[in-house]
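Subject: Structure for your review

Dear colleague,

Please find below the structure that I am handing over to you. I would be grateful if you would keep it open while you read the notes that come after it.

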Amino acid sequence: MQVLKFGGTSVANAQNIKRVIEILDSKSQEDQIIAVVSALGGVTDSLHQVGDLAHAKDERFLLLFKSISERHIETANELGLSSKSLERVEELLEELKKILQGIFLINEFSDKTQDKVLGFGELLSSYIISESLKVGGTDASYKDSRDLIITNSNFTNAQVNRGKTEKNIREYFKAYKPKVTVMPGFVSQSEEGESTTLGRGGSDFTAAIFAAVLEADLLEIWTDVSGMYTANPKLVPQAFPIQEITYKEAMELSHFGAKVLYPPTIRPVLDREIPILVKNTFSPEDEGTLIRSEIEQGQEPVKGISHLPKIALLTLEGTGMIGIPGSSKRLFETLSNEKISVILITQASSEHSICVAVKEEEAETASRAINEEFAFEISLKKINAVSVETNLAIVAVIGDQMKSHQGISGKMFSSLGKNNVNIRAIAQGASERNISAVIAAKDVKKALNTLHYRFFERQVKELNIFVVGVGNVGKRLLDQLEQQQEHLYDNLFLNAKVVGLSNSRKMVFDEEGIDLARWEKLIDEGETRTEEKWFETIKNLNLRNSVFIDITANAEIANSYASYLKESIAIIACNKIACSSELTSYKNLMNLSRKYNAPFLFETNVGAGLPVINTLNNLINSGDTVTSIKAVLSGSLNFIFNHFNEATTFHDVVKQAQAEGYTEPDPRIDLSGVDVARKILILARESGFELDIEDIENEMFLPKESMQAKSVDDFYETLKQFSDHFDQLYNEAQANDSRLKYVAEFTNGKAKVGLQQVKKEDPFYNLDGKDNIVLFYTSRYVDQPLIIKGAGAGAEVTASGLFGDIISLGNK
């Protein structure tokens, strides 16, 4: 059993009703359907107006009745109703006319009579639609809801007799089961047999009653919008339908202006925990909004932003209220006696004032009543006369999950403040499901758009960056960040804020962001650094979107990565040690990154600023398989062997490379081939192969004396001592019409690195300066490899690679 309710806009005319019929016909193929329908759009208001005219003895009521009558008959004709069905429509209209004439004659339009008149809208629409379904061949029937829903005699807002109503509904549908049963919403019948109505949102209430009693799996509310929106789309063009929402959130949004549902009407399905699906009659393929008791945790804390217009703010204040019990009681009893609903309440903890928001139309009555109640205190000047502010509105931020997220109210109020929206009063319940603010009516549109942008639209993401290592590369990175700050903010909506800096001796922190124009001075004046103190400070600061950038070659720092990831701190590593450490350690870091949702990026581990690892990851993630890698991965070694010739010495070229920032402080890290071995190991691992550094064959070209030198200075002396060895390597290559290149290879699960002589036809032959080149052979790139080529060393390009990782984090 499915229960569908169609609102007034869905059945406003013949064209719209045809859409409804298509929906009902389609759904009836799968299940038994109850369709509860409202009056044709605008008819209820017209019926109220025609009754008022008749009551006022204004003969224009006949003209309005004629318009109402013609509209229904025209709709019935367009839908192809039979002459017999048309006769029944005309009978209903004639019955309405007689009641109106009676009102005109006896000048009586009581609530009881009003219910009779207003109910004709639903009685007519439901009958027309049921007969239209039959015309199309659908197994459909009409059932008057008044025969089933029994109420008391509280006309215009009758209370349902649940026992009798539930019994009637069960007995009827147990015996009678057509494919589609069309029923009028809103209308009911008293125990004495008089027509009653269910009040505002009565058609929703009718549908909810049937869904609850018959234990439907779902109640569908069909209207002219594709669900409940994040804000009023007429005021906020960027608003979009909410996919899923709780009953409580839906009721809050509805109370604060969302017109899709009227909160009291959904109580029957709420009690039975029957989901409600809000759908669009004019775009039935849209997903709509699903409303249910509980939804999956972890969704966005704010579900919607709504508002109530035409609000007045009443303030009662004075020293005579301080410490005097009962002041609040007297205030609210006075408003209750006047049948005035209080929309918002706020009271100062000093008890000096109480502020309430009411409908603007009720402000004068409320003010008069309160002043009368407190006339004695006012006369003694213990309490001031009520102050009334009008031309106000309430904006509300709503969401069940707001209570588990810090700073929602701060974001709300700061956003409004920054946009010059003055807040007159604030209210927030302990449940934190609703944060409301009273503002000037003229600011409503600006406020709604501001809050929607803040909570639902693309925001400027803030990264809190901690950098360790401010040498050549680190300095360039800080320079680039300072230079590009405005561009990042304006174009990428990214605020890359450096909040911590450290070298090997000192460290400095500033939560508001370190002045990058003065960072060198600030770090010199910073506190003494220890690895433990550095990490603990970052941990205790506990800043959102924290990013640790390691621009060192320090093993102790690399070994600390797991600690950062466990604190959900993202890592950008220039340091290759962690990713080329033992396989178990590498895999642990990858697992921690996923577990704690802390990105671990290391693009600059291979190729400096070249997109080597990113390209490889894209290949693997798209389902490709790497079969072989051949590469020149050391910009340092390529620079050295491109500049080493008969006019230079190997010693001088290495010195030059170090001076220009192409080698590590200890050039042996580069010349030993260990650095290249680490790079090919990282590429192999990122290709899905499980290797350790010991698995890589390293064909070293340095004399063992050079590797065993006790210091960097001693190392340079060995380069002079063994200059003949290096000259011989060069001369042999020249004799073979070749050039020297330090090549890394990975094939069939095995890797090796070493100095090679490459011929002119080799793609490595013309690799100039400090360039790197990587050739990926894969299951897709079989004969012609995917080639990445460019500068693979140098402080500037390495810094740009780190910068690229920062931008990648900002986009996550």
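The notes below describe several parts of the structure in turn. Please bear in mind that this is a predicted model.

I begin with a sheet. It is open and has 7 strands, in the order 21-20-19-18-22-23-24, with mixed pairing. Strand 21 (527-528) and strand 24 (600-601) are at the edges; each has a single partner strand, so one side of each lacks a neighbour in the sheet. Within this sheet, strand 18 (residues 461-468) and strand 19 (residues 494-502) run parallel and are joined by 8 bridges. One of the pairs to look for is Val-468, whose bridge partner in strand 19 is Ser-502. Helix 30 (residues 795-811) lies across strands 18, 19, 22, 23 and 24, and runs at about 145° to strand 18.

A second group of strands is found earlier in the chain. Strand 4 (residues 150-151) pairs with strand 6 (residues 187-190) in the parallel sense over 2 bridges, and Ile-150 stands opposite Gln-189. Strand 6 is also joined to strand 7 (residues 195-197), by 3 bridges, but here the strands run antiparallel. In this pairing Val-187 stands opposite Thr-197. Strands 6 and 7 form a hairpin with 4 residues between them, and Gly-193 in the turn has a positive phi of about 90°.

Next, two helices that pack together. The axes of helix 4 (residues 83-106) and helix 6 (residues 120-135) come within 10 Å and cross at roughly 175°, which means that helix 4 is roughly antiparallel to helix 6. The residues of this contact comprise 10 nonpolar, 1 polar and 3 charged. Among them are Leu-92, Leu-96 and Ile-99 in helix 4, and Leu-124 and Ile-128 in helix 6.

Which residues of helix 14 (residues 408-418) are buried? They are Ile-408, Met-412, Ser-415 and Leu-416. These residues cover an arc of only 95° around the axis, and therefore lie on the same side of helix 14. A general rule is useful here: an α-helix has 3.6 residues a turn, so residues three or four places apart point the same way. The buried residues of helix 14 pack against strands 15, 16 and 17 and against helix 15.

Finally, His-651 is found in helix 24 (residues 650-659). Its relative accessibility is 11%, so His-651 counts as buried, the cut-off being under 20%. Beyond its neighbours within four places in sequence, His-651 is in contact with Tyr-716, Leu-719 and Lys-720.

Yours sincerely,
Your colleague

Technical notes: Residues numbered from 1 in each chain as written. Predicted model: local features only at pLDDT ≥ 70, side-chain atom pairs only at ≥ 80, totals over all residues. Heavy atoms only, no water. Pairing = 2+ DSSP bridges. Contact = heavy atoms within 4.5 Å. Axes fitted to C-alpha atoms, helices over the stretch in contact; angles between N-to-C directions. Buried < 20%, exposed > 50% of the residue type's maximum accessible area, 1.4 Å probe, protein only. Arc of directions from axis to C-beta. Parallel < 35°, antiparallel > 145°, perpendicular 65-115°, else oblique. Nonpolar A, V, L, I, M, F, W, Y, C, P; charged D, E, K, R; others polar.
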